[in-house]
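Here are a few exercises to work through with the structure open beside you. Try each task on your own before you read its solution.

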Amino acid sequence: MEYQVIGKRVKRLEDPPLVTGAGKFLDDIQLPGMLYAAVLRSAYAHARIKRINTQKAAALPGVAGVFTGEDFKDINPLPCAWQAGGVKNNVNTPRLLEIDKVTFTGAGVAVVVAEDRYTAEDALELIEVEYEPLPVVVDAEKATLPEAPLLHENAPNNICMDWSAGDAQETDKALAEAEIVLRKRLTNQRLIPNVMEPRGAVAEYYPATGEYTVWMTSQDPHIMRLLMTAFVFGIPETKMRVIAPNVGGGFGTKIYLYPEYCLMAALAKKLGHPVKWMETRRENYVATTHGRDHITDIEVGARRDGTITALKVKTYANLGGILSTIAPGTPTTLYGRMVSGAYHIPNIHIQVLGVYTNTGMVDAYRGAGRPEATYLIERAVDLLARELDMDPVELRLKNFIPPDAFPYDPAGILAGLKYDSGDYQKTLGKALDILDYKSFRQDQEEARKQGRYLGVGFSTYVEICGVAPSAWIGLPGQGWGAGMWESANVRVHLTGKVAVTIGTMPQGQGHETTAAQIVSEGLGVPVEDVIVQHGDTQGTPFGYGTYGSRSAAVGAIAVYNSVLRIKDKAKKLAAHLLEADPEDVVYQDGKLFVKGSPDRAKTIQEVAGAAALGYNLPPGMEPFLDDTYYYDPSNCTFPFGTHICIVEVESVTGKVQLKRYIAVDDIGRVINPMIVDGQVLGGIAQGIGQALWETAVYDENGQLLSGTMMDYTVPKAGFFPHIEIERTETLSPVNPLGVKGVGEAGTIASTPAVVNAVMDALSPFGIKHIDMPLTPERVWRAIQAAKKGD
Ligand code: MCN
């Protein structure tokens, strides 16, 4: 099917206010009589709170109130919405302010509300907290040992959950029978998601009606409202309106319900004033969720010819001191079920221990589980290739799931779902052509003779996104506490202009443009005639929000289907006006006419006007062109691709130079190639960041050493070469547009491509593996150790 607007590089409709400084972000919100809050955070990683003295702080001029956890103890703890692995709701989750005990540095213990932020911050320093420090553990594996300090009485050995998938017996048998078994420990370090805008909330309470309005930095305002009202405050959902204004990036961190959001609502009610809290960057580093932090042992069984026969995985997933909203779901459904990647592996078993440690909360961060899965399988394949002395491309081709095997079930670990479609050979082939693999290997050989260490790394990834369907995510073993459909409302006004409201909530992904493209394509109206609104629970249909790269494959299809129903109604009305049979009416380029008589056409604007006026409607037809669609697909989508990285390692300094980066992704049909290129590019930057530079470091006392942007290396544009972006198109059979998600693909794919490239470059030294990030120091040390024969 040839589309005219879908697939085009339509410029982002949302950008003019954003790039001219006219966007309205959380901190731009000013309300009459507004007060400002600042949160006192625990300096200890593990301690009992013995006593808090707030008197001096409360006496500071300008302070409206100082509160501790005791003041909010009647309010429920925050819920855990993804109770995978038997995790219980409300157990070891944050309270508005912690009361007896803290389990990580950065946990909120008191709050000051004042006339201005400066006074609030000054007053924080006057609060006296007496702590009884307790022993600390920060490493997820060590936390499970008998001698480790216990964080929560209800979690023996600090194990929050013990989750598994696949057949343990068959996998052990296959490993025992394998001609070669590769065993390796791989760590996936902890990362700090760096969004442009930290978190914040403004709350207002209206005593006359008992209603709240809460503005917050959120990727899912409807879910925030649901969790705050039904679970935390125990009030009707209808008593709260949640508004997400422009949101400056989220990368997952703004999916969750945080204590401060609830605290602002509680304070607004207590004080009778609107209250604002805006996170500082330092707070963001300790109090907003982190990502990844896995320790994984893998065993890969294979035949000598390279056929992989078994994969056994055991992972310690560090979940931090308390549970964030969907923390248990990331290392289970989104990671554990994807560990076999693009390969046909008949025997798979995976066990994940979710572990409490005295560190900040860990939850989904761009890619959420799939970068961890992709890293381990793509590193494993490269390590196996080294063991077998095989070309890593050859080994991949040997084990790829063949194109005719879709829909594909990876040894039952997907809990009944199947990979929808794929052609892994095609993306790899295209990427190899772009690279000119043969001549690269020759160049590499030449360079080595001159003492230059070039390397090539491959990542042939597949990921799961467009997360749905509700019936799957709601299976008892998954633990997800809600549905996973998505919604859209399309209204064609009397003037023919179209207003669309969506249940998803962009933070930079461009939904206003892509949704407008779908409406423009379907109805034949100019893109500029479509306004797309989101982010306000009042006036948008209930939706689950934006994460799991689901807005195109789920949310946009709700728009698409809604447009189809509008067209259907428009056809019936046009038939009535043209005195024809609806079956004979053609809808083309925004015009409706009887087959063969395009000269007597009604425009969609005319039909919309007639529908809105209601003077002359067919019997029984409701006025107005207005449709709401709740779309629940039958499957997730499984984008895939090949990323290739070329590096040169300076053996004297250990510095890794990125020479070339090629990305060939397949995300089915592309709605807007410009937006998709941007998504891929940003994702790659984050994935390479993990491979080479980023790491969150806690010392043994649970203090975050990489606690500022001076200590945590956020990649800059100048760190990267030109990224070569290409695509193939394998349509998804799951939805009528054939689209798959793309928002996380770059992050998922890129990390192992870079690490594999560095290991290839260092192969002359006999180096097989270095844990991320591959900083010059780590690489240099590995080279020195190799030279000494360590
Ligand atoms: N798109 C398209 N054609 C496709 C697939 C997607 O044109 N075949 C478009 C979509 O219409 C949408 C964008 O690409 O405009 C991303 O779509 P999708 O892959 O569905 O992802 P979501 O919109 O659901 O966004 C979530 C995803 C995630 S999970 C993270 S994390 C992430 C990301 O998007 N965080 C981001 N991209 C980000 N981009 C920005 N600028 N900021 C973030 O915080």
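The exercises below go from cysteines to a helix and then to the ligand.

Before you start, note that this is a predicted model, where local features need pLDDT of at least 70, side-chain atom pairs count only at pLDDT 80 or more, and totals for chains, interfaces and linings use all residues. Residues are numbered from 1 along each chain as its sequence is written, and side-chain values use heavy atoms, with hydrogens and water left out.

**Exercise 1.** Work out how many disulfides the structure holds, and why Cys 262 has no such bond.

*Solution.*
- Start with the rule: a disulfide is a pair of cysteine sulfur atoms within 2.5 Å.
- By that rule, the structure holds zero disulfides.
- Take Cys 262: its closest cysteine sulfur belongs to Cys 80 and is 14 Å away, so the two are too far apart for a bond.
- Cys 636 is in no disulfide either, with the nearest cysteine sulfur, in Cys 465, 8.0 Å away.
- Now check cover, where buried means under 20% relative accessible area, exposed over 50%, and partly exposed in between (1.4 Å probe, protein chains only). Cys 262 counts as buried because its relative accessibility is 0%, and Cys 636 counts as buried at 0% too.

**Exercise 2.** Describe helix H13: its span, its cover and what follows it.

*Solution.*
- Helices (H or I, at least four residues) are DSSP runs, numbered from the N terminus.
- H13 covers residues 511-523, 13 residues in total, and reaches 18 Å from first C-alpha to last.
- That is close to the expected 18 Å, where the expected span is 1.5 Å times one less than the number of residues.
- As for cover, 12 of the 13 residues in H13 are buried, among them His 511, Ile 518 and Leu 523.
- Right after H13 comes Gly 524, with a positive phi near 75 degrees.

**Exercise 3.** Find out which residues are closest to the ligand and which helix gives the most to the shell around it.

*Solution.*
- Count a residue as near if one of its heavy atoms lies within 4 Å.
- That gives 32 residues around the ligand, the closest being Gln 509, His 511, Arg 669, Gln 679 and Val 742.
- Next, look for polar contacts (pairs of N or O atoms within 3.5 Å). A ligand oxygen is 2.7 Å from a polar backbone atom of Gly 250, and a ligand nitrogen lies 2.7 Å from a backbone N or O atom of Arg 669.
- Finally, compare helices: H13, H14 (551-577) and H16 (673-692) each supply at least two shell residues, and H16 gives the most, with three.

Key
A polar contact is a pair of N or O atoms within 3.5 Å; within protein, one must be able to donate a hydrogen and the other to accept it, and residues adjacent in sequence count only if both atoms are side-chain atoms.
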